[in-house]
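Okay, thanks for making time, everyone. I'll put the model up and then talk you through it.

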Amino acid sequence: MKAADFIVARNDLQQCRVIETQLPDIAALPDETLLVKVTRFAFTANNITYAVTGDRLKYWSLFPAPDEFGNIPVWGLGEVIASQHPNVPAGEILFGYFPMATHLLIEAADVTKRGLRDGAAHRQGVSPVYNAYARVSGDPAFAGKQGDYQALLRPLFMLSFMVDDFLAENEFFGAKSVLLSSASSKTAFGLAHLLHLRRNGIKVVGLTSASNVGFVESLGCYDEVVTYDRVTSLPSGSPVAFVDMAGNSALRENLHRHFDAQMKYSGLIGLTHRATSPDEKALPGAKPAWFFAPDQMRKRAKEWGPGGIDTRFGAAWSGFAPNLDRWLKVTEGRGPAAVKQVYLDTLNGHVPPQQGHILSLAS
Ligand SMILES: NC(=O)c1ccc[n+]([C@@H]2O[C@H](COP(=O)([O-])OP(=O)(O)OC[C@H]3O[C@@H](n4cnc5c(N)ncnc54)[C@H](OP(=O)(O)O)[C@@H]3O)[C@@H](O)[C@H]2O)c1
């Protein structure tokens, strides 16, 4: 049986190709193993960040590829087409982290009614969240368009949810405004939506490119939208918090120098602009630091008890998801050429923010 993988050169992300792979004989699958057909996956700037940080954060080890190439992890849905696990039948639908490929072999472990884990040795060096699969057969929240929204946004919205919670818990570090860079990104507008819902008088300011102003304004969850070249026109006399999805060193320096001691929090989240200088100078105001979601999750898991995060996240998602019909246009692409095009367009910043790409490597 033939399968295919989409792989990229780790040191030159513009180089990519599809390779044919051989799947094992189904009759000879080892015990507990599942053969999963990857049916649909989302592709956004977040996946490019996985590639950019692949060596440092071990993303490349999840789905090994030959030579100097790597397979970028994606969030999506798969169908178990053969199973050697007594409690996971063929036909089961899984939601989780997949390779850009037609198929994945999973060594099923910790199987419960709601999920399972891939216990493959090469996957154990990363956070457990990347090895967990939800069993979603028959769940309307993962069917059709809802499933596409889950693949496109659920992992990103979890970050938005944890940052919103972290800022509120810390009383916004005294800030009167929160500035979000790459305001047009899904992660940013998920956070803007949650901050806007608080209606606590704290202004939500979106920073974006000139070409994305219209989209960001249309969302209705930013109080003000400012282009990158005009950030120094913002009044610098009142305290701000900066949540950085862009990872652009020049922008960060500009903001810190402009707000000076009024920069009360500076959290790094993303790298959409891929413009981080390796030797950033010390800046005035709060020291920039990576926001590490697993730390906040661990803390809340303890404080909120079993199911506490899931219940609160579920409620937040229920308030967020109904907006997506207005905010996003889901575009489906099938086959190697479509996958390559969306990959290169996303890498090179050519995807309009209202577009949500759902892909499958199989034609
Ligand atoms: N730390 C974490 O745990 C965590 C979790 C979730 C997401 N993130 C990060 O948050 C970021 C946003 O991810 P997303 O999937 O939400 O993004 P997305 O929706 O695909 O965002 C697209 C936006 O990013 C900017 N952008 C994308 N590619 C660009 C390029 N080549 N050049 C310049 N600008 C570009 C543009 O925004 P503007 O014009 O508005 O700048 C574009 O509209 C990613 O870096 C992701 O890894 C981190």
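I'll go from the domains to the ligand, then to two helices and a few backbone angles.

One thing up front: this is a predicted model. So everything I say is about computed coordinates.

Let's begin with the overall layout. We've got two domains here. Domain 1 is made of two stretches, 2-138 and 328-360, while domain 2 runs 163-296. Taking C-alpha atoms, their centres sit 31 Å apart. Where they touch, domain 1 puts in eight residues and domain 2 puts in eleven. And what's the make-up of domain 1's side of that contact, by residue class? It's three nonpolar and five polar, with no charged residues.

Now the ligand, which is probably what you're all waiting for. There are 26 residues around the ligand, and the ones that come nearest are T44, T49, S185, G270 and G349. The elements giving two or more residues to that shell are α1, at 45-52, α2, at 144-169, and α3, at 186-198. Which of them gives the largest share? That's α1, with three residues. Both domains take part too: each of domain 1 and domain 2 supplies at least three residues of the shell. By class, you're looking at ten nonpolar, 15 polar and one charged. So if you're setting up charges around the ligand, that's the tally for the shell, with just the one charged residue in it.Next, helix α9, residues 336-347. Twelve residues at 1.5 Å each should span 16 Å, and the end C-alpha atoms are indeed 16 Å apart, which agrees. Which of its residues are buried? V339, V342 and Y343 are. Look down the axis of α9 and those buried residues fall within an arc of 100°, so they line one face of the helix. The cover over them includes the strands β1 (2-9), β2 (12-22), β3 (33-43), β16 (329-334) and β17 (355-360). After α9 comes G349, with a positive phi near 70°. You've met G349 already: it's one of the residues that come nearest to the ligand.

Helix α5, at 249-259, can be read in a similar way. Its buried residues are L251, R252, L255, H256 and F259. Down the axis of α5 they fall within an arc of 125°, so again they line one face. Among the elements covering them are β10, β13 (240-244) and β14 (263-268). Just after α5, D260 takes a positive phi of about 50°.

That brings me to the backbone. Most residues other than glycine have a negative phi. With that in mind, have a look at K58 and S182. K58 isn't a glycine, yet its phi is positive, about 70°. You'll find K58 in the loop between α1 and β4 (69-70). Is K58 buried or partly exposed? It has 15 C-beta neighbours inside 10 Å, so it counts as partly exposed.

S182 isn't a glycine either, and its phi is positive too, near 45°. S182 lies in the loop between β10 (177-180) and α3. Here there are 30 C-beta neighbours inside 10 Å, so S182 counts as buried.

That's my tour; happy to go back to any part of it on the screen.

Key. Residues are numbered from 1 along each chain as its sequence is written. This is a predicted model: local features need pLDDT of at least 70, side-chain atom pairs count only at pLDDT 80 or more; totals for chains, interfaces and linings use all residues. Domain bounds come from an automatic or database domain assignment. Two residues are in contact if their C-beta atoms, placed from the backbone, lie within 7 Å. Ala, Val, Leu, Ile, Met, Phe, Trp, Tyr, Cys and Pro count as nonpolar, Asp, Glu, Lys and Arg as charged, and the others, Gly among them, as polar. A residue is near a molecule or strand if its C-beta atom, placed from the backbone, lies within 6 Å of it. Helices (H or I, at least four residues) and strands (E, at least two) are DSSP runs, numbered from the N terminus. The expected span of a helix is 1.5 Å times one less than its number of residues. A residue is buried if 20 or more other C-beta atoms lie within 10 Å of its own, exposed if 12 or fewer, and partly exposed in between; C-beta atoms are placed from the backbone. The arc is that of the directions from the helix axis to the C-beta atoms.
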